[in-house]
Amino acid sequence: MSKEYERLILAKSYIEERLASQGLDFTPRIGLVLGSGLGGYAANMEVLAEIPYRDISEFPVSTVPGHDGKYIFGYVAKSDGAKVPIVAMKGRVHYYEGYSVQTVVMPIRVMGMLGIESVILTNAAGGINLDFAPGDLMLISDQITGYVPSPLIGPNIEELGTRFPDMSKLYNPEYREIARQVAAEMGIDLKEGVYVQFTGPQFETPSEIKAFRTLGASAVGMSTACEAIAAGHMGLKVMGISCISNMASGILDQPLTHEEVQETADKVAHKFEQLVTGIIVRI
């Protein structure tokens, strides 16, 4: 057993013991990563338990404002009274914080080991597509990750997945169609495009954005793509949605700030939450 897998086993065991100590026999079906703008999503859940990352041995802890860093376990209610068991990550860690990319994806891998079948990744992103505007929501159709190391580099963890996993349909086509249907029913103008993950923490230069556009990218951010690879490696069904929080560097004649990103994400939080809830109860 590899050292990396041992860390995952220890984290999984701690979480299961913590839930059991509260009298909970809980297996989540869907994992949800709450990016900027979805930090308050727990209000839409019947929360059973919360476990801060800092309580889990050798687990990464977020250092970024707006990323609390904890798992939230609970249910999302369906209209017929049924409940969908989910685990939500409130806050994530990023490669630019100094963690290895394998450590960055630990929370995703642990959710997979806890029993989830699918994961919804959300984020705030800069718009590269000139038809986008701040406040738009973008369904991720594919991704570009050449700027961040793959979390699969190094000895393969055979217990998680194959050495050379297929990524041709990383973002599940059936789930993407569900997202389109839910958005249409709710009157939400859901954009669609390719997401590129950059390392950060600096925002990109105008020339980098031009290069990304030439490569076919529609939006850029500093997370998500490496998490999607780790999830796909485990055989999880993946969906991704970006909140276009600002136009990327060089498109508008103004500097980029983290405060602008958070402010825009907060403004569209209600619409974002409605869409995510509609998708969860449908899948």
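A residue is termed buried when its relative accessible area is under 20%. In the predicted model examined here, both arginine 7 and glutamate 4 are buried by that criterion. The two side chains meet in a salt bridge, with a nitrogen-to-oxygen distance of 3.4 Å. Both residues belong to helix H1, which spans residues 3–21, and a separation of three residues places them about one turn of the helix apart.

Arginine 7 also forms a salt bridge with glutamate 58, in which the closest N and O atoms are 3.6 Å apart. This second pair links distant parts of the chain, since arginine 7 is in helix H1 whereas glutamate 58 is in the loop between strand E2 (46–52) and strand E3 (70–77), 51 residues apart. Arginine 7 has a relative accessibility of 12% and therefore counts as buried, while glutamate 58, at 42%, counts as partly exposed.

In total, 13 salt bridges were counted. Among them is the pair formed by aspartate 189 and lysine 191, whose closest N and O atoms are 3.1 Å apart; lysine 191 is partly exposed, with a relative accessible area of 21%. In addition, a network of salt bridges links Arg176, Glu177, Arg180 and Glu192.

The structure holds nine aromatic pairs. One of these is formed by phenylalanine 59 and tyrosine 71, which adopt a tilted arrangement with a centre-to-centre distance of 5.9 Å and an angle of 55° between the planes. Phenylalanine 59 lies in the loop between E2 and E3 and tyrosine 71 in strand E3, 12 residues apart, and the pair links distant parts of the chain. Both rings belong to buried residues: the relative accessible area is 8% for phenylalanine 59 and 0% for tyrosine 71. An edge-to-face pair is formed by tyrosine 147 and phenylalanine 212, at 4.9 Å centre to centre and 65° between the planes. Tyrosine 147 is located in the loop between strand E6 (137–144) and helix H4 (173–186), and phenylalanine 212 in helix H5 (residues 206–215), so this pair ties together parts that are 65 residues apart in sequence. Tyrosine 147 is partly exposed at 31% relative accessibility, whereas phenylalanine 212 is buried at 2%.

Ring pairs further join Phe26, Tyr53, Phe59, Tyr71, Phe73 and Tyr75 into a cluster. Over the face of tyrosine 75 lies lysine 83, at 5.6 Å from the ring centre.

Glycine 278 is placed in helix H8 (residues 269–282) and counts as buried, with 11% relative accessibility. Apart from neighbours within four places in sequence, glycine 278 is in contact with Val182 and Met186.

Key
Residues numbered from 1 in each chain as written. Predicted model: local features only at pLDDT ≥ 70, side-chain atom pairs only at ≥ 80, totals over all residues. Heavy atoms only, no water. Salt bridge = Lys/Arg side-chain N within 4 Å of Asp/Glu carboxyl O. Helix = DSSP H or I, 4+ residues; strand = E, 2+ residues; numbered from the N terminus. Buried < 20%, exposed > 50% of the residue type's maximum accessible area, 1.4 Å probe, protein only. Contact = heavy atoms within 4.5 Å. Phe/Tyr/Trp six-rings, centres within 6.5 Å; stacked < 30°, edge-to-face > 60°. Lys NZ or Arg CZ within 6 Å of the ring centre and 35° of its normal.
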